[in-house]
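Please work through the exercises below with the sequence and the model open beside you. Each task is followed by a solution that goes step by step.

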Amino acid sequence: CSGSNSATESDPKPPCCPVNAVWSAWSAWGAWSASCGQRNHTRSRTCSGASCGGSTICSGSNSATETDAKPPCCPANAVWSVWGSWGAWSKTCGPRSHTRSRTCSGASCGGSTICSGSNSATESDPKPPCCP
């Protein structure tokens, strides 16, 4: 006899082996949520690739958020304080006036140090007592 004494038959549809889903690589970090001050940014990934009855669940989160540990400060312009109390009258009788003042402060991180308006106000007595 010539030839082989065994025969092999290939399976037209081999059995499917379950493959579980896996995480993709992380995306690039997104833009910061603000240009200065407290801010954060996020990145994401997808869970995919399950086949043949494998698990479609990946453990962990599909997104990550990072807070900026040393964010640039936000410029703040100076502002006026509340007005101080009126000072004493300039005279005890006759035409007279008194003054009060306020302070311009609080500029930070490159904000303007200029407040509009005056830092003092003067008021004349509408009904000054007559001088003897």
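The exercises that follow concern one arginine and the cysteines of this predicted model.

**Exercise 1. Locate Arg45 and describe its surroundings: which residues is it in contact with, leaving aside its neighbours within four places in sequence?**

Step 1. Begin with the place in the chain: Arg45 is found in the loop between strand 2 (40–44) and strand 3 (47–48).

Step 2. Leaving aside neighbours within four places in sequence, Arg45 is in contact with Trp23, Ser24, Ala25 and Trp26, and also with Ser59, Gly60, Ser61 and Asn62.

Step 3. Consider next the charge of Arg45, which is buried yet has no salt bridge. A salt bridge requires a side-chain nitrogen of Lys or Arg within 4 Å of a carboxyl oxygen of Asp or Glu, whereas the nearest side chain of opposite charge, that of Glu66, is 15 Å away from Arg45.

Step 4. Finally, look for a backbone partner: the side chain of Arg45 reaches the backbone oxygen of Ser61 at 3.0 Å.

**Exercise 2. Work out how many disulfides there are, and in what pattern the bonded cysteines are joined.**

Step 1. With a disulfide taken as a pair of cysteine sulfur atoms within 2.5 Å, the count comes to six.

Step 2. Counting the bonded cysteines along the chain, one obtains the pattern 1-4, 2-7, 3-5, 6-10, 8-12, 9-11.

**Exercise 3. For the disulfides of Cys16, Cys47 and Cys93, find the partner of each cysteine and explain which parts of the chain are tied together.**

Step 1. Cys16 is joined to Cys52, with an S to S distance of 1.2 Å. Since Cys16 lies in the segment before strand 1 (22–23) and Cys52 in the loop between strand 3 and strand 4 (63–67), the pair ties together parts that are 36 residues apart in sequence. Cys16 is partly exposed, with a relative accessible area of 45%, and Cys52 counts as partly exposed at 39%.

Step 2. Cys47 is joined to Cys58, with an S to S distance of 2.1 Å, and this link is right-handed, with 85° about the S-S bond. Cys47 lies in strand 3 and Cys58 in the loop between strand 3 and strand 4, so the parts tied together are 11 residues apart in sequence. Cys47 is partly exposed at a relative accessible area of 29%, whereas Cys58 is buried at 12%.

Step 3. Cys93 is joined to Cys131, with an S to S distance of 2.0 Å, and the link is right-handed, with 105° about the S-S bond. Because Cys93 lies in the loop between strand 5 (79–80) and strand 6 (97–101), and Cys131 in the segment after strand 8 (120–124), the pair ties together parts that are 38 residues apart in sequence. Cys93 counts as buried at 17% relative accessibility, while Cys131 is partly exposed at 44%.

**Exercise 4. Explain why Cys17 has no bond to the closest cysteine sulfur, and say whether Cys17 is buried or exposed; then examine Cys130.**

Step 1. The cysteine sulfur closest to that of Cys17 is in Cys16, and because the distance is 6.8 Å, it is too far for a bond. Cys17 is exposed, with a relative accessible area of 56%.

Step 2. Cys130 is likewise in no disulfide, and the nearest cysteine sulfur, that of Cys131, is 7.6 Å away. Cys130 is exposed, with a relative accessible area of 74%.

Note on methods
Residues are numbered from 1 along each chain as its sequence is written. This is a predicted model: local features need pLDDT of at least 70, side-chain atom pairs count only at pLDDT 80 or more; totals for chains, interfaces and linings use all residues. Side-chain values use heavy atoms; hydrogens and water are left out. Helices (H or I, at least four residues) and strands (E, at least two) are DSSP runs, numbered from the N terminus. Buried means under 20% relative accessible area, exposed over 50%, partly exposed in between (1.4 Å probe, protein chains only). Lys and Arg count as positive and Asp and Glu as negative; His and the chain ends are not counted. A polar contact is a pair of N or O atoms within 3.5 Å; within protein, one must be able to donate a hydrogen and the other to accept it, and residues adjacent in sequence count only if both atoms are side-chain atoms. Contact means heavy atoms within 4.5 Å.
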